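Colleague: Got a minute? I'd like to walk through a model with you, one piece at a time.
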Amino acid sequence: MSPSLKGKVLFITGASRGIGEAIALKAAKDGAKIAVVAKTTEPHPTLPGTIYTVVEQIKKLGGDAIPIKCDIRDEKQVEQAIKKTVETFGGIDIVINNDVWEKKQQRIKFFIIFLVFTMFVSDRVAKNIRSSAINITDTENMTLSRYDLLQSINARGAWVVSKYAIPYLKKAKNPHILTLSPPLSMDPHWFNGRTAYTMSKYGMSMTVLGLSAELEKYGIGVNALWPLTTIGTAALIIVRKTNPDLINRTPEIMADAAHVILTSNSKECTGNFFIDEVVLREYGVRDFSKYIETPGTTDADMTLDGYIEESTLKHLAHLRNIQSRL
């Protein structure tokens, strides 16, 4: 029988769209119960999805769900969201720490998107993006309000959500915390000109590292997952309209990789910093064409995401080579 999340209770932040939504819908097909946690309750002019539309989709796919409006910067709201999930579904088996952005922060979110891609994508793509973005990314030009926003949503948010879920995860069978954050590296390249952003994402990753050690005695698996390539979320699709050289994969590749991790033995699978394609190839997946956003493009055409180390690329090339011979 294939591994399944049937009957599992998932608490997913940032679940109103993008990768969070994709993970929720994947779990729904198994018959999972999902708390859709985000700030978006009203449709955005350019970004589709609210907590209510995702709940509706989950139920159509055979899962169960509740919408929870929550600002993860607010400790009380997080505590109440956890409590509502437990009261509704009887517990929590899995926590997904994903970015959460409220509607009033959308302009800043697009700033962060431009920030990331002016830093990480190929020179050819980055040049096009820089021409249409105000690049105020280094420490001298980063405002304190944007710095605080990054830290409170990313590093602090993941820590607070995890903290309040721990008592219930301790009671669960095969409990997991999965945080969408990059592998840790002290290479100055990942900090140069983007110290604030990297600190916020690495703060999430350090939460993974610390909690995997703290919670190992309870059998709680704590891991991170990061995409090899840029992912075609609603926000990035908008960016791509003026930057066609940006070649993305669909959010479903992250959802499928998350499913592999979340159905693994939590006592054995913990403290890892996973990359989506590596997870799936090691699981036996060979065809990645279904994750291609733009017809006619290949794996080699994809735009690499940030924080991808050379060692990861070498390992992936080895896996691709082995599978090409099968």
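Modeller: Let's start with tyrosine 307. Tyrosine 307 has a relative accessible area of 2%, so tyrosine 307 is buried. Buried means under 20% relative accessible area, exposed means over 50%, and partly exposed is in between, with a 1.4 Å probe and protein chains only.

Colleague: Before we go on, what kind of model is this?
Modeller: This is a predicted model: local features need pLDDT of at least 70, side-chain atom pairs count only at pLDDT 80 or more, and totals for chains, interfaces and linings use all residues. Residues are numbered from 1 along each chain as its sequence is written, and side-chain values use heavy atoms, with hydrogens and water left out.

Colleague: Good. Where is tyrosine 307?
Modeller: Tyrosine 307 is in the loop between helix 11 (276-283) and helix 12 (310-324). Helices (H or I, at least four residues) and strands (E, at least two) are DSSP runs, numbered from the N terminus. The phi of tyrosine 307 is near 65 degrees, a positive value in a residue other than glycine.

Colleague: What about the phi of asparagine 174?
Modeller: Asparagine 174 has a positive phi too, near 55 degrees, and is not a glycine. Asparagine 174 lies in the loop between helix 7 (155-169) and strand 5. Its relative accessibility is 21%, so asparagine 174 counts as partly exposed.

Colleague: Back to the rings. Which residues form one aromatic cluster with Tyr307?
Modeller: Trp190, Phe191, Tyr202 and Trp226 join Tyr307 in that cluster.

Colleague: And how many aromatic pairs does the structure hold?
Modeller: Five. Rings of Phe, Tyr and Trp (its six-membered ring) pair if their centres lie within 6.5 Å; planes under 30 degrees apart count as stacked, over 60 as edge-to-face, and the rest as tilted. One pair is phenylalanine 191 with tyrosine 202: the centres are 5.4 Å apart and the planes are at 80 degrees, so this pair is edge-to-face.

Colleague: Which parts does that pair tie together?
Modeller: Phenylalanine 191 lies in the loop between strand 5 (176-179) and helix 8 (195-214), and tyrosine 202 lies in helix 8, so the pair ties together parts that are 11 residues apart in sequence. Phenylalanine 191 counts as partly exposed because its relative accessibility is 22%. Tyrosine 202 has 3%, so tyrosine 202 counts as buried.

Colleague: Got another pair?
Modeller: Yes. Phenylalanine 288 and tyrosine 291 have ring centres 5.9 Å apart and planes at 55 degrees, so they are tilted. Phenylalanine 288 counts as buried because its relative accessibility is 2%. Tyrosine 291 is buried as well, with a relative accessible area of 2%.

Colleague: Where do the charged ends of lysine 163 and lysine 170 sit?
Modeller: The charged end of lysine 163 sits over the ring of tyrosine 164, 5.8 Å from its centre. Lysine 170 has its charged end over the ring of tyrosine 218, 4.4 Å from the centre. The rule: NZ of Lys or CZ of Arg is within 6 Å of the ring centre and within 35 degrees of the ring normal.

Colleague: Switching to strands. How many residues of strand 6 are buried?
Modeller: Six of six, in residues 221-226. On one side are Gly221, Asn223 and Leu225, and on the other Val222, Ala224 and Trp226, so to speak both faces are covered, by the buried cut-off.

Colleague: Which strands does strand 6 pair with?
Modeller: Strand 5 runs parallel to strand 6, with four bridges. Strand 7 (residues 273-275) also runs parallel to strand 6, with three bridges. Strands pair if DSSP finds at least two bridges between them. Alanine 224 is the bridge partner of threonine 179, and alanine 224 also stands opposite phenylalanine 273 in strand 7.

Colleague: What do strand 5, helix 8 and strand 6 make?
Modeller: A right-handed β-α-β unit. Right-handed means that, with the strands pointing away from the viewer, the path from the first strand over the helix to the second runs clockwise.

Colleague: And strand 2?
Modeller: Five of its six residues (33-38) are buried. Strand 2 pairs in the parallel sense with strand 1 (residues 9-13) over five bridges. Six bridges join strand 2 to strand 3 (residues 64-69), also parallel.

Colleague: Last one. How many disulfides?
Modeller: Zero, where a disulfide is a pair of cysteine sulfur atoms within 2.5 Å.
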